[in-house]
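This report follows one helix, the loop after it, and the meeting of two domains. Please keep the sequence and the structure in view while reading.

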Amino acid sequence: MRKRSVSSVQGQAAVLNRDDIDTDALFPGRFLRLTERSGMGRHLLADWRAEGRAEAGFMQRAEPPRLLLGARNFGCGSSREQAVWALADYGVQAVLALSFGDIFRNNCVRNDIVAATLAPDDHAALLAALAASPQAELRLDVPTRTLSLPGDLDLPIALAEGHAEELLSAEDPIARTLHFSDALRAYEARVRSGQPWLASID
């Protein structure tokens, strides 16, 4: 999949303020047989919607939210990338939380979704703002690592090391690694010179 540059996300937000929302809740395992990313969004939170959970009510909106607000350990559980594909297909472009499952967070940035953390006080402030104005328009800015709310309220966000650069550059990890080709070749030459017995592993 060709990556795109992501410098900002703007739109309404939905709240999933529950700790430990795992990838099975986001994309139930029975749908893993699907191979086409297009259409996966219709299965997002399928079990929660079937159970009538209030948290999944945002999926009845006419327009999908561009941002999701989670809590602690969002995206924990299995490493299934389909959970992120479903979010992207549904229209989510950024996920905010107190913390993330590491694999889920990395899968997000690989699929052009911003995964940003908030400090507890700022998370509480955002929850309060969305409770008072659920249709509020938010703007997340990657270069400044800022989330802007109506009323000139700006909250700082944090991104994992290297994620801002990857989002802005539109380069995947392989493309970014190739920028260091000369340094990698020089390292290989030093190893071959100092440890020639390793040459047999070619």
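## Terms and model

A polar contact is a pair of N or O atoms within 3.5 Å, and within protein one of them must be able to donate a hydrogen and the other to accept it, while residues adjacent in sequence count only if both atoms are side-chain atoms. With that rule in hand, it should be said that the model described here is a predicted one.

## Two domains and their interface

The protein chain is divided into domain 1, which covers residues 8-169, and domain 2, which covers residues 171-201. The C-alpha centres of these two domains lie 37 Å apart, and the contact takes 5 residues from domain 1 and 4 residues from domain 2. About 370 Å² of area is buried between domain 1 and domain 2, and carbon and sulfur atoms give 42% of that area. On the side of domain 1, R110, E166 and S169 supply 83% of the area buried against domain 2, which is more than any other three residues supply.

How many residue pairs are in polar contact across the interface of domain 1 and domain 2? The rule finds 0 such pairs when both residues must be at pLDDT 80 or more, and it also finds 0 salt bridges across this interface. The element that gives the most to the side of domain 1 touching domain 2 is α6, with 3 residues. Sorted by class, that side of domain 1 has no nonpolar residues, 2 polar residues and 3 charged residues.

## Helix α4 and its surroundings

Helix α4 spans residues 102-110, and within α4 the residues F104, N107, C108 and V109 are buried. An α-helix has 3.6 residues a turn, so residues three or four places apart point the same way. The cover over the buried residues of α4 includes α1 (23-26), α3 (82-90), β5 (114-117) and α6 (163-169).

## The loop after α4

The loop between α4 and β5 contains N111. Is N111 buried or exposed? N111 counts as buried because its relative accessibility is 8%, and the cut-off for buried is under 20%. The side chain of N111 makes a polar contact with the side chain of W85, at 3.3 Å. N111 and E81 are 30 residues apart in sequence, and their C-alpha atoms are 9.3 Å apart in space. Just after α4, D112 takes a positive phi of about 65 degrees.

Conventions:
Residues numbered from 1 in each chain as written. Predicted model: local features only at pLDDT ≥ 70, side-chain atom pairs only at ≥ 80, totals over all residues. Heavy atoms only, no water. Buried < 20%, exposed > 50% of the residue type's maximum accessible area, 1.4 Å probe, protein only. Helix = DSSP H or I, 4+ residues; strand = E, 2+ residues; numbered from the N terminus. Contact = heavy atoms within 4.5 Å. Domains from an automatic or database assignment. Buried area = accessible area lost by both parts, 1.4 Å probe. Salt bridge = Lys/Arg side-chain N within 4 Å of Asp/Glu carboxyl O. Nonpolar A, V, L, I, M, F, W, Y, C, P; charged D, E, K, R; others polar.
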